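Me: I am new to this structure and would like to understand how its descriptions are justified. Could we go through some of them one at a time, setting each value against its rule?

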Amino acid sequence: SLAETISKVLYPNDSTEAGKELRLTQQYFFCACSLRDILRRYKRSHHNDFSEFAAKIAIQLNDTHPTIAIPELMRLLIDEEGLSYDQAWDITSKTFNYTNHTLLPEALEKWPVYIFEKLLPRHLELIYEINFRFLNGPVEAKWPGNNEIKSRLSIIEEGEVRKVRMANLCVITSEHVNGVAKIHSKLVKENLFPDYAQLWPNKFCNVTNGVTPRRWILSCNRGLAELYNDVAGKDWPLDLDKCEVLKKYADKKEYQDRFMKIKHDNKVALAKTIKELTGVEVDPNAMFDVQVKRLHEYKRQHLNLLYIMSLYKSLLEDPDQDIVPQVFIFGAKAAPAYTLAKDIIFAINAVGEKINNDLRIKGKLKVVFLPNYRVSLAEKIIPAADISEQISTAGYEASGTSNMKFSMNGALTLGTMD
């Protein structure tokens, strides 16, 4: 049973001591399995010659969650493959790259040293060695005798509880470090890791993220894909610039009608799904205003909720006012220990329950919170959206991607200037 818990729930609640241990165990388990598999496949054609490893293998650290893979690869190369520390470090430091997804400090993991001592003592030993060589090598050479900079750049954070700073380990080890949008990558370099950028200016780069039109139009919105095929030819999923020819058709009534019919058909399909999942009946002729993404204070689902409540109040004061009927659709998951985020989910459902059953507003307003938000559900929601809510606090959304999916499917963006 204990062994099974390791892979039973992805990202377990880590607000308790046991939860923290389980989460680190889980991170280690998945990384260790992946590295074993990588080594197994590499050795099929290279046997015990690791000279080509870094040229054949690239490992991308997606945020700090898989950082434990760094000391694990070192351990495998030194303890199991018999390489020297220097050989192992040379390979490891050319194999890993790190993508930072957000500047928010809670996303940059820090693990208490005592948990490492208990669960992964050999890995902690290797982290200490990496840190010692880094501080007494490159850092000492650039800033001789500067203990303040050393303490900032150290992988180990000193304090009442000593911690392992996983982001620092990522930056020190990786060949490249990137953010996910031009301005975000600039801030990663200048605000988050300025000292490292002074040490290694060429290590930092930008890779703007994106979404694939093959899934987010061709697969999930066949009607729109057919329209694109007719107007732009069938190669547009490989080269989206080919869709520029659509501009010429934007004012033609025949194409406007066709586009709106596609949107309406998608809304009819989503209304059926909403009824099945929530029991709420919504009118496909109403405006579908959608906010789907992780539940977080900076994404401001609660701001959207306040707007809905103000609209409801205004309708109660004058139920006959001439407004377009609106359906507000939410989909989100909250991190297991994020109590306030769960309270916001509860609040949206409570307000929805009240509004959806109030006959006084004559069905002009509906609120639905779709359960278990996931890719397969997003594929039904996004093609049916009229309005895309992108209202994160300015400066906090490194680079969202639902905004791109909505835009590609013909929803208007209601957005923060970010």
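Me: Why is the sulfur of Cys 31 not counted as bonded to the closest cysteine sulfur?

Reply: This is a predicted model, and in it the closest cysteine sulfur to that of Cys 31 belongs to Cys 33, at 9.3 Å. A disulfide requires two cysteine sulfur atoms within 2.5 Å, so 9.3 Å is too far for a bond.

Me: What about Cys 170, and how many disulfides does a search of the whole structure find?

Reply: The sulfur of Cys 170 has its closest cysteine sulfur in Cys 31, at 10 Å, which is again too far for a bond. The search of the whole structure finds 0 disulfides.

Me: Are Cys 31 and Cys 170 called buried or exposed, and why?

Reply: The word buried applies under 20% relative accessible area. Cys 31 has 9% relative accessibility and therefore counts as buried, and Cys 170, at 0%, is buried by that rule as well.

Me: What makes Tyr 42 and Phe 53 an aromatic pair, and which kind of pair is it?

Reply: By the ring rule the count comes to 14 aromatic pairs. For Tyr 42 and Phe 53 the centres are 5.0 Å apart and the planes make an angle of 70°. Because ring centres must lie within 6.5 Å and planes over 60 degrees apart count as edge-to-face, this pair meets both conditions. The pair links distant parts of the chain, with Tyr 42 in helix H2 and Phe 53 in helix H3, 11 residues apart. Both Tyr 42 and Phe 53 are buried.

Me: How do you know that Lys 203 lies over a ring, and which ring is it?

Reply: Lys 203 lies over the face of Trp 200, at 3.9 Å from the ring centre, and the distance part of the rule asks for NZ of Lys within 6 Å. Trp 200 also belongs to one aromatic cluster with Phe 134, Phe 193, Tyr 196 and Phe 204. Elsewhere, Lys 267 lies over the face of Phe 288, at 4.8 Å from the ring centre.

Me: Why is helix H4 called mostly covered?

Reply: Of the 12 residues in H4, which runs over residues 69–80, 10 are buried, and among them are Glu 72 and Arg 75. H4 is followed by Gly 82, whose phi is positive, near 75°.

Me: What does the reach of helix H14 come to, set against the expected span?

Reply: H14 has 26 residues and reaches 36 Å from its first C-alpha to its last, which is close to the 38 Å expected at 1.5 Å a residue. Its buried residues, including Lys 267, pack against helix H13, strands S8, S9 and S10, and helix H17.

Conventions. Residues are numbered from 1 along each chain as its sequence is written. This is a predicted model: local features need pLDDT of at least 70, side-chain atom pairs count only at pLDDT 80 or more; totals for chains, interfaces and linings use all residues. Side-chain values use heavy atoms; hydrogens and water are left out. Rings of Phe, Tyr and Trp (its six-membered ring) pair if their centres lie within 6.5 Å; planes under 30 degrees apart count as stacked, over 60 as edge-to-face and the rest as tilted. Helices (H or I, at least four residues) and strands (E, at least two) are DSSP runs, numbered from the N terminus. Buried means under 20% relative accessible area, exposed over 50%, partly exposed in between (1.4 Å probe, protein chains only). A charge sits over a ring if NZ of Lys or CZ of Arg is within 6 Å of the ring centre and within 35 degrees of the ring normal. The expected span of a helix is 1.5 Å times one less than its number of residues. Contact means heavy atoms within 4.5 Å.
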